[in-house]
Structures are given as structure tokens and as C-alpha cells.
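Work through the exercises below with the sequence and the model at hand, trying each task before reading its solution.

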Amino acid sequence: MHLLCCVLLLVLFSSTSIESAQQEIFLNEETPIGTIIFDLNTLSSSLITYQLLESSSLLSFNSSTNLISISKRIDRDTLCPNDDTCSKCQITIKFYDMFNYEILLLIFNINDINDNSPIFSSNTYSISLTENNIPGIKIGLSKGEDIDCLDNGVQLYELTYILNGHIVISSINLVHQQNQTQNQPFYLQYDSNSELYLIVNQTLDRELQHEYIFTVTANDYSHTVSSKLILTVLDVNDHTARFSQSVYPVNISHSTLPGTTLIKLTAYDPDLDHNARIYYSLLTIDGANNKNDLFQINSHTGELRLLANLSHFDSKKIFKLIIGASDGSNNAIPALTTVYINMIPQSIISITFGSNRISKNSSEVFIEENLPNATFIAYVTSDEDLQVLSERNNRGFFIQKLSENSLTLLTDRSYDREIRSSYDVLIRSGNNERSFRIVVTDVNDFRPQWNSSLLNINIESQFMILTLNAKDEDENQNGKVGYRKTGYPWPTWIDLVANKLIINCTNETDNSCWQNLLHDELTVDVEAYDHGKPELASIITLRLYHSLSRTLIIRPEYILIGVGSLLGVLFILVALVLCICCRRKDRKSKNIIDDNNPQQKIIQISSSEQSSSADSLYGSDKSDNITLETAASCHLDMFLFSPKRGVILTDLPYQYSFTNKPIHPSDNLTNKLFHSIQNDLSLLTDTKQDILTKRGTYV
């Protein structure tokens, strides 16, 4: 039935002219599968049946609901790969309106989104340029390719490099064709043919810097990608050879053996490779430029050797040699130096260094550090007595005397080049002296050292550059320190260029930098390594934070410390209160006197004061102050205290109860006075009872 209907429709289309309606819909690529992108019911107020005539596999049509949805992934960059200008990328669906008998054409325009990152064809590029170039030379570079439309393609290029210890950043905006860094030594240029160039805006000198390392970054405002560019400066022969000295003195004797190396001359040329290759020549001997059979110089190494025996030159005291050095270029003017060979009569000192590596003129012997104590240095013989001279307290070797005219030198310690790198030895025999230097060669036994294992960095600005400085006590390649990222992947806003840590939070489209810092601290690890074999390395942890994050974040350990401190203070306060209460209670328990008992009174006798009234009553020269308190009653109910003795008087007449306490010898006067008071009190109670009863008595 469906097939019959389609046949009828085709016949109808072929026989009649049918009007068609057209509707355009805009749709973003990468819209999720299953999303309803159009409802045909919105085209009419009444329910209309549509017959699908032409469709796409990317879309699906539900004839019962008249809804159109996405059935497969829509990728505009795959669907329209050559449409860089994003002018037209469409999906068309054709329906037949069964009610109005017309054709409905739906055109879905696919919009591009920035879903692809720029890509460089290589992570590292190498280019070369000869020195002494003309400023302004252009070097073509590889661009970052982005398959998105131009509006979502690469918008910005940046060039980052280090010049004279400073980081330089040059950028060019492709949209506005703006470059504000054309006065810099290196900058980027993007021409009308969409080609990217590196402009070298200065004359390069290989002797000053032989290599430049650049980082080229492509940015489409949603993604960034970088590539490393290495510019090697090629050498030209723009320097001549030079000797370090204009005069070289050499002392030899008539017994010096033929073939002995008298001196090794060295000239320097800062050029490179064949341009720095120096050739030596013996120009004259004592002013004569003819060939001789006495001396010869190696044209490549600069070693001056003795060719013949000098024993028949007894009257000759000195030879004057003129030596020339040139770099081999055409019409090069040679550098000149003078060598004076002085003939000195002397005894023979022979030094054998064994298997140790020595310099050509035997003036240096090389001993590796960390070798065990008593390592062999040299065997020395002479035709006269030998004397070895060196520093008194730090000579670096000890002497094993074999005979009066022979000895061996052995190391007196395991050498450590980082503590001391050389030791000088002077050997004297008769009127002859020979010297050489023990040079301690380096092994890679030190790893790069940081000042600390953890460094806290407060990110105070949007762009910061930190210089890393790890030290390695080794030398040459063993002490050359490099830096690299290690640990977990680093954020894109942190970069490491040579020994410079670059923190760049200036990207307006990517604010992950501040989000990370304000949310929590961030730690990254930097590894410092040397170039020795085996390679040694050490790691420092950089803790990055923003000061605002520390004020906003209350850490659990801070809360625990605060609560613990508060509980400690409360505990101390409670302990103090309890202590005070206990002490008051003890005092009250010791000083309680029952004032409600009318049968007891108190007599207090003090031994520290003199009472004039006691003197008048008892005729004593010295007595204690006595205070007697009585009531108006006839009874003598008393509680009597003395400094060392107490008595209790009950209401029974003349009955006393004494409490015995130790009496110090110094209390004799008080004791006598106390007994006298007792006797007088007995009289008062017998004869003056009426007086006490009526008004009381104070003594």
C-alpha cells in the first residue's frame, strides 16, 4: 500500500506542477544525538500528515509525531571539510504535505563551533642562519593548522624566548593584523598569503650566542598549542688566532734528551670548526729563517720538541725562536710569539708517572677523585740527593723513600675535587728543579642541590617569572644543571623555559589559573639534573597559592589547634579555682573558734612585745604583753595561750589543764612571767571574787 502511494505521488508530481514551501533551520554541530531539532506541527494549526521524500542518515523523522531529531553525530568539519569560510554547510530534507498537496523543503544550516585545537606538524623545528646576517631577514615557519572555520581557527601567535637572561614575548593578532613588537630582536610576521615568518631583526654573532630557543604558541581563544623552534647560528671566519702570551721562557740543560717536549704553545680562535683550526709554524731561530735540525714544532698541536743532542753547544746560553699561528684562511695574518730557550747546567731528574694520564709536557698528572688512599702518583730518580717540597699542612701525598736518589709519591688521602682540585709538587736535586701539578679530575658524585626541598610561592600578579637555581659542585658536564617538569601533569598556565618558571594568568579566555589558586593550593615538582654519567637529579616541590585563598580557607588542623588551646585555658582556670577553694577551707579549719560556748575565754600571751603594765604589776624588768579578757560572770572560764605553752581553765575552781609543748631556751623570761600570772590569778580568784564579778579586770 505504501509503495502504491509513493508511485501515485511520483505520477502526480510528473503530471502536475506542485508548489513547494521552504524552511531554513540553523543547527550547531555536535548537538547531542536524540535532540529534537524541528516540529512540523508548528507549520500549521491543524494536524497534517507529511510524507518523507528525501532525507539524510544524520536525521530521523517520526511520522506519527511529525518530529525531526538527530540520529547520528553531526561534525561540520567532516561534513563540509573544505568550507574554511563557513559559507555553506547544509542538510536538506524534503516532505510532501498530504493536506495542502505541496512540497515542503527543510534546510538545516550547520553552524561551526570551536571544537578543534590547532596542531603543529612537529613538536620541534630546527633552522640555521649564518652569523653577520643583515637585520630583517625572514625565515618561514610552519603554521598551526585548525580544521575549524576561520572564525574559530588560529587567532593569535606568540613567540617566547630568552635574550640576555630575560624572557621576551612577541605576539601577532591575525584578526586585526596587529604586531606591537616589531622593534624586538625577533618577532613574528603573518603576510597576506597567510604565511608565518620569523623576522631576525639583529645581526647575530655566533661567538656571543651560538643558539636561540623559541617557543611558538598558536591560540584560537579556546585552545593553545606550542612548538619548540631552535635557531642555530652558523660560523663564518671573522676572527684571527691569538696567543695568550707574547713571550714563553723554557729552561733546559745540555743533557736534555732528543725528542723531549719543551713546551706546548696554544693559540685561540673564537671561530668554530675549520674556521678555528690553527696551524703553528717555526718562523726563525736566532733571526735566521733557514731550516734547522735542533727544534721542531707540530703544526697541529703546537708542541715544540728538541730534535738533537745539545752537548756540543757548551758555549750556547740561549736560543730565540719566533713561532707563528694562523687559522689557515687565505691571506691570514699570523699571530706571533717568542720562545726563549735557556741553557742551564743541572743534574738529571727523571719522573715516571706509570699508567697515570699526564699532559704532553709532563707538567700535569691527572688523578681521579675518590680513588683509595696510597694510590701511585710517580716514581722519581736523580743522580743526586732528592728533596720533595710541597705545602706543609696540605701536601696531598706522602713520600716512600727507596734510596737516597729514588722515591715514590703516593696519595695521602682519597682526593675530593670539590674540596681541592690540584696539588703542586716541587722536586729538587742539586741545582736542578722539576715541578708538576697533581690535577684531581672530576667524577659525577654530586647531585644538584636546592636550598630547600619545598618552596612556597604567593601568586600576587597575573604574570610572574621565577629563576630556578640549583647548584652542582661538579665541573663541566657533570656540573651543568638542567631543569625539567616531573610529577603530575602541569597546568597549561605554568611553563618551564630553561631555568625560568613562567606563571602566566593573563589568558582572558582561560580563568582556570585563578580558579585553582582560590580553591586550594597547587603543588608542582621541578627536577634539577646534571649532564654527567650516570645522571644525578634532585626534586624541589613548589607550593603555589594566592594570599586570598589562605584567608578564606579554614583548615581542620587550625580548628583542632584552637579548640585544644581553649580547653587548655579552661582546665588551668578550673584548677586555679579548686586550689583557691581548698586553701580557704584549710585556713578555716585551722582558725575555727567556737564563739557560741560561753564557758571558754581566751588569754593570749605574746612574746614579741614588752608590756609596761606587766612591769608595774609584777615588778619585772622584762615581760611579755599580756591581754586578759573576762566576762562579767563570777566564773573564770578561760582558754590560756602562751608562745610555747597553753592552759585551759574550766569552771571548776583552781583546776588547770596544761598542754605541754617544747620550750625553747629563749622563752625562760616568758615562762617565768607565765607562772607569776598563774599565781596572781589564784589570788584574784580567792580574794577579789567580788571585783571580777562586778566589773571584770584587765591586766
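Helices (H or I, at least four residues) and strands (E, at least two) are DSSP runs, numbered from the N terminus. The model is a predicted one, in which local features need pLDDT of at least 70 and side-chain atom pairs count only at pLDDT 80 or more, while totals for chains, interfaces and linings use all residues. Residues are numbered from 1 along each chain as its sequence is written, and side-chain values use heavy atoms, with hydrogens and water left out.

**Exercise 1. Unusual backbone angles**

Task: Find where Tyr101 lies, and decide whether Tyr101 is buried or exposed.

Solution: Begin with the position, which is the loop between strand E6 (90-97) and strand E7 (102-111). Next, read the backbone angle: Tyr101 is not a glycine, yet its phi is positive, at about 55 degrees. Most residues other than glycine have a negative phi, and most peptide bonds are trans. Then apply the accessibility classes, where buried means under 20% relative accessible area, exposed over 50%, and partly exposed in between (1.4 Å probe, protein chains only). Because its relative accessible area is 55%, Tyr101 is exposed.

Asn476 can be treated in the same order. Asn476 belongs to helix H3 (residues 476-479), has a positive phi near 55 degrees, and counts as exposed because its relative accessibility is 65%.

A last step turns to the peptide bond from Lys533 to Pro534, which is cis, with omega near 0 degrees; Pro534 sits in the loop between strand E39 (522-530) and strand E40 (537-545).

**Exercise 2. The largest pocket**

Task: Determine which residues lie nearest the centre of the largest pocket, and explain which domains the largest pocket lies between.

Solution: First fix the term: on a 1 Å grid over the protein atoms alone, a pocket is an open set of points where a 1.4 Å probe fits, with protein on both sides within 12 Å along at least five of seven lines, and lining residues have an atom within 4 Å of a point. The volume, which is the space filled by probe spheres set on the points, these being joined across faces, edges and corners, is about 1,700 Å³ for the largest pocket. Its lining has 46 residues, and Thr215, Asp495, Leu496, Val497 and Ile502 lie nearest the centre. Strand E14 gives the most to this lining, with 6 residues. Finally, because domain 2 (119-234) and domain 5 (449-546) both give residues to the lining, the largest pocket lies between them; the domain bounds come from an automatic or database domain assignment.

**Exercise 3. The largest nonpolar core**

Task: Identify the residues with the most contacts inside the largest nonpolar core, and list some of the contacts of Leu198.

Solution: A nonpolar core is a set of buried Ala, Val, Leu, Ile, Met, Phe, Trp, Tyr and Cys residues joined through side-chain atoms within 4.5 Å. The largest has 27 residues, and Tyr157, Phe186, Leu198, Phe214 and Leu231 have the most contacts inside it. Among the elements that give two or more residues to this core are strand E8 (124-130), strand E9 (137-141) and E14. Contact means heavy atoms within 4.5 Å, and, leaving aside neighbours within four places in sequence, Leu198 is in contact with residues including Ile127, Leu159, Phe186 and Phe214. A second, separate core of 26 residues includes Phe243, Leu262, Ala267 and Ile341.
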